[in-house]
Structure formats: C-alpha cells, structure tokens
Amino acid sequence: MRTRFQMGLDELKQKLLAMGGLAEQAVDRAMEAYRKRDLQRCYAVFEGEKAINMAEREIDELAVDLLAMQQPLAVDLRFITAVMKINADLERVGDQAVNIAQRVMDTIKLPAAELPVDIPRMAATAAGMVRRALEAFIEGKAELAEAILKMDDIVDDMNDEIYIVLVRKMHENPTVVDQALDLLLIARNLERIADHATNIAEDVIFWVRGADVRHHVGIEESPAPPLT
Amino acid sequence: MGVGIHVQELNAWFGQKQALYDIALAIPPNQTTAIIGPSGCGKSTFVRCINRMHETVPDARVDGKVVVGDTDVYGRGVSPVSVRRRIGMVFQKPNPFPTMSIYDNVAAGLKLDGFHRRRELDDVVERSLQQAALWEEVKDELKKKSGVSLSGGQQQRLCIARALAVQPEIMLMDEPASALDPISTAKIEDLIFQLKQDYTIVIVTHNMQQAARVADFTGFFLMGKLIEFDKTEKMFTNPTDKRTEDYITGRFG
C-alpha cells in the first residue's frame, strides 16, 4: 500500500543515516587531529563539511517534497518532521567538528602545554551519544533514545570540571593561557555536540511515541522537595 | 512499453464554444502525468482529444496535432479505432459490461479482435487482472461472478484490467478514484505507480492531493488554457505562475 510514499520514506531514512555517518566521521577526524596534532586531518574535516552541507539540503528538499506530495499523517508526519530536525542537528554537529579542527590548528602553532584535562574522554562520550542517537533512530526505539538524555548530564559535568581545572591552570601559569583557552573552546564544542545528540534523541522519542519530551517536559522527574 | 505524447497547437470546440486554446505540451513516456484544474477548465476535453473521443460528441471539433509515439492521431488515414486500441481509457464511474462475467469483461476487447484461443485468452485475463491488482480477489470466481457484482473499487480495477488486456501503450484515466472510498483510492493510486513501468499514464483529477501523490508531472489548466506544466514536486512546492499557486493553495477566485 502506498508504494511510492513508502519508497520516499525509505530514501529519506537512508539519506539521513548517510548524513549521520558523515557527521560522526567529522567528529572522529577532529579528535584524531587533536590527539596527533595533525594538520591534514584538520583539512579533512573542512573538506568533509561540504558533503554534510550538501546532504542537509538534499534531505530538506526530499522531506518538503514528501510533505507537499504525500500529505503524511500521524506516525509518518512525525517521522518526516523529526527527520528535518535531526537533519539540522547533524549539520550543527558537523559545524562543531569544524570549530574543533580550527582550534586544533591553533594549538598546533603553540608550544605544547601540559594541561590535566581529558578531552578525548569527553569526546568519546559525546560522539558515543551521537552514535547511539542514530542507532535509536535506525531501530525506532524510544528506550534507547531515553538513555541518551541521561548521558547529557555526564558530558555537562565533564565540561564544568574541565572549565574549573583550566581556569585554575591559567591563574597558576599565565604562559599557558592560549593553550588553555583552545581547550576550553574544544570542550565547549563537545558539550554542544552532546546537546545535539540529546535533541536527536528527543526527536526519535517524538517520532516513535508522539510525546514531546523537550525541556524535561513529559519525563518523570524526582518530586520537588516539600515547601517548608 | 509506454510512448510519449507530443501535443501542438491543440484547439477544441463544442459547437461555437471553444474549450481548449493552443495547448502545447510533451507528456513523457513511462511517467504519470496529472492534469488538474477547476471544473470546466478543459482537462477532460484535453485527454479526450488524445484518444479521439472528443469528436464523438455531436458538433465537437478538434484542430492541431497530437503525436503519440510517432503517429499523429489526427493524421490523414489514421482511424480513431486504431488510436483507441493504443490508448486505453478508464472513467470516473466504473462501467463493466453488466451482463458479462469477470472473465468475459477482461477478454471482451480481445474477442472483439477475433482472438479466441482459450489458453491464450486465459493467460491474458490472468496477466491483466494481476497487473490491475485484482487477481487474488477474484481468481476463484472468474466465470461465476458478473463484473457488476464486485465492489466499486474492484469494478474500477476490473475496468483497468479490461483496458490493459489489449496491451495499450497509454492509459488515460479520467477521475478514476473520485467515486471510491479512501482504501480503494489508495489501491488505485498504488496501481498507477506500478503501471507506469509499462505504460504512459495521464490522469485527470480535481483532487490536487491525488495529483501530488501519484504524478511525476502535472499540468494546470484554467479556462481552456494550459497555465503551467512542470515536475510535480515543482508544481506543488514552488509553482512559477501565480494562478497555479492560488489554485493549489485554495486562494482561487
């Protein structure tokens, strides 16, 4: 039934998954560039952004065509609107990878500084959230998506910790201010990537359950303490 | 395989009243083309000019060129019967032959052509009903049940099977789903999507959403003129002509 529409939905899903692959690859490359202080990998991130931008436009175009031509309703309508929002988030993940690569290029020019923060660990967590959000999308599983919402707090805590450590280091040793600022910004970019993964997870929940859980509405929270 | 249709300077009249003005368009082969427009805009007249049915109306007249494949259907020495054999047509109201069984309805065109070999007829009837997505529902009572005993949606698919049996190159459909419920409509629309692999399909519809769902190309007619013809995506997301936009967004008039 509705073969043409179904083919359109399948194509949209495949295109979004390919886009997700590109966004993940951009983050991985940016972090490799960071670990290895490798300019070539930075350039690869910049180059990859073009493909991500192109994919974003193609997905939006297909989604709008499906809305206009197939008049989707209920779960189909939620799916297409979710895809459009996930699309925008993935494009922003790609932008954050570019920002990281730019910071890495900056740090490569500076003398190496010993700063006791674990950027790769934070990156692995944020990238893992993106990957799992995409898995939740592929499988259409709201439970997987819910787990991601909880991971966002972990990344936020990592970001706070890195901030405190780097500010302290800058006070102690002003010669590392430039390097510490670069790391602060990279941590900030990673924290944003985790936010985008969270948005993707929320969109998957909306598609599957029809529930809008953004801004912690609709999610069970521990009751507020009684007023005294 | 389907063939393309090239229409040039096509004008049509009912007596003194002109119904079509200088229509020119190229309908691509093996694609579905929808013709949309308000009542009385000439869309049905247009498709009836393609298979020379317009001229069957008393006082009706046609001028211009309609080239199907490489034959000008209004060319000298071209018979309307040969044209209609290449161009099947399905109408708004399903019209199976009331006294005939399902089998005989599908086989009617072939029998009229003097085709009587039992086994080959059986094959054609089965193939046509399969193509029309009706076979599974009727295969056990092909000769027992009359065509008109089927539901409206089934009757329409029977009429499609009847048209397919004579192996046309083009299928014209004039509001084929407007008398059907949503489920039957979806079946017909799905069928249209499958059929375009083998046929060129032109569908007239006043249901814009249906045009959007099924058609690769769409033409918008208004007061006997072709206002815009383009890919369906373009027509329904960013039409060029203001009148098209006003019509599809319901701002018309």
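This dialogue walks through the features of a predicted model with a chain A and a chain B.

User: Before going into detail, how many helices and strands should I expect in chain A, and in what order do the elements run?

Analyst: Chain A has six helices and zero strands, and from the N terminus on its elements read α-α-α-α-α-α. Along the principal axes, the C-alpha atoms of chain A fill a box of roughly 65 × 60 × 20 Å, and 39% of its 228 residues count as buried. Where contacts in chain A join residues at least 6 apart in sequence, 80% of them link residues at least 24 apart.

User: What is the angle at which helix H1 and helix H4 of chain A cross, and which residues make the contact?

Analyst: The axes of helix H1 (residues 3–36) and helix H4 (residues 119–139) of chain A come within 11 Å and cross at roughly 170 degrees. Since angles over 145 degrees count as roughly antiparallel, H1(A) is therefore roughly antiparallel to H4(A). On the side of H1(A), the contact includes A:Leu17, A:Gly20, A:Ala23 and A:Val27, while H4(A) contributes residues among them A:Ile119, A:Pro120, A:Ala123 and A:Leu134. Sorted by class, this contact of H1(A) with H4(A) holds 12 nonpolar, one polar and four charged residues.

User: Turning to chain B, how many helices and strands does it have, and how does its radius of gyration stand against the globule rule?

Analyst: Chain B has 10 helices and 10 strands. Its radius of gyration is 18 Å, close to the 18 Å that the globule rule gives for 253 residues, so chain B is as compact as a globular protein of that length. The C-alpha atoms of chain B fill a box of roughly 55 × 45 × 30 Å along the principal axes, and buried residues make up 46% of the chain. Of the contacts in chain B with a separation of 6 or more, 68% come from residues 24 or more positions apart.

User: How should I read a sheet, and in what order do the six strands of the open sheet in chain B stand?

Analyst: As a general idea, strands of a sheet pair through backbone hydrogen bonds, either parallel or antiparallel. In chain B, six strands form an open sheet in the order E6-E7-E8-E3-E9-E10, with mixed pairing. Strand E6 (87–90) and strand E10 (225–231) of chain B stand at the edges with a single partner strand each, so one side of each has no neighbour in the sheet. From one strand to the next, the twist averages 15 degrees. Helix H1 (residues 43–50) of chain B packs on this sheet, touching E3, E6, E7, E8 and E9 of chain B, and its direction makes about 150 degrees with that of E8(B).

User: Which strands show the parallel and the antiparallel sense within that mixed pairing?

Analyst: Strand E3 (residues 32–36) and strand E9 (residues 217–222) of chain B run parallel and are joined by four bridges, with B:Ala34 standing opposite B:Thr218 in E9(B). By contrast, E9(B) and E10(B) pair in the antiparallel sense over six bridges, and B:Phe217 has B:Lys231 in E10(B) as its bridge partner. E9(B) and E10(B) form a hairpin with two residues between them, and B:Met223 in the turn has a positive phi of about 50 degrees.

User: What is the strand order of the open sheet of four strands in chain B, and which are the edge strands?

Analyst: That open sheet has the order E2-E1-E4-E5 (chain B) with antiparallel pairing, and its edge strands are E2 (17–27) and E5 (71–72) of chain B, each pairing on one side only. Strand E1 (residues 5–14) and strand E4 (residues 60–68) of chain B run antiparallel and are joined by eight bridges; there, B:Val7 has B:Val66 in E4(B) as its bridge partner.

User: For a single residue, is B:Gly109 buried or exposed?

Analyst: The cut-off for a buried residue is 20 or more other C-beta atoms within 10 Å. B:Gly109 has 20 such atoms within 10 Å and is therefore buried. B:Gly109 lies in helix H3 (residues 102–112) of chain B and, leaving aside residues up to four places away in sequence, touches B:Arg162, B:Ala165 and B:Val166.

User: Finally, how many residues does each chain give to the contact, and which elements of chain B take part?

Analyst: The contact takes 11 residues from chain B and 10 residues from chain A. On the side of chain B that touches chain A, the elements giving two or more residues are helix H7 (182–195), helix H8 (208–214) and helix H9 (232–237) of chain B. The residues on this side of chain B divide into four nonpolar, four polar and three charged.

How values were computed:
Residues numbered from 1 in each chain as written. Chains lettered and ligands numbered in written order. Predicted model: local features only at pLDDT ≥ 70, side-chain atom pairs only at ≥ 80, totals over all residues. Contact = placed C-beta atoms within 7 Å. Nonpolar A, V, L, I, M, F, W, Y, C, P; charged D, E, K, R; others polar. Pairing = 2+ DSSP bridges. Axes fitted to C-alpha atoms, helices over the stretch in contact; angles between N-to-C directions. Buried ≥ 20, exposed ≤ 12 C-beta atoms within 10 Å, placed from the backbone. Parallel < 35°, antiparallel > 145°, perpendicular 65-115°, else oblique. Rg over C-alpha atoms; globule rule 2.2 N^0.38 Å.
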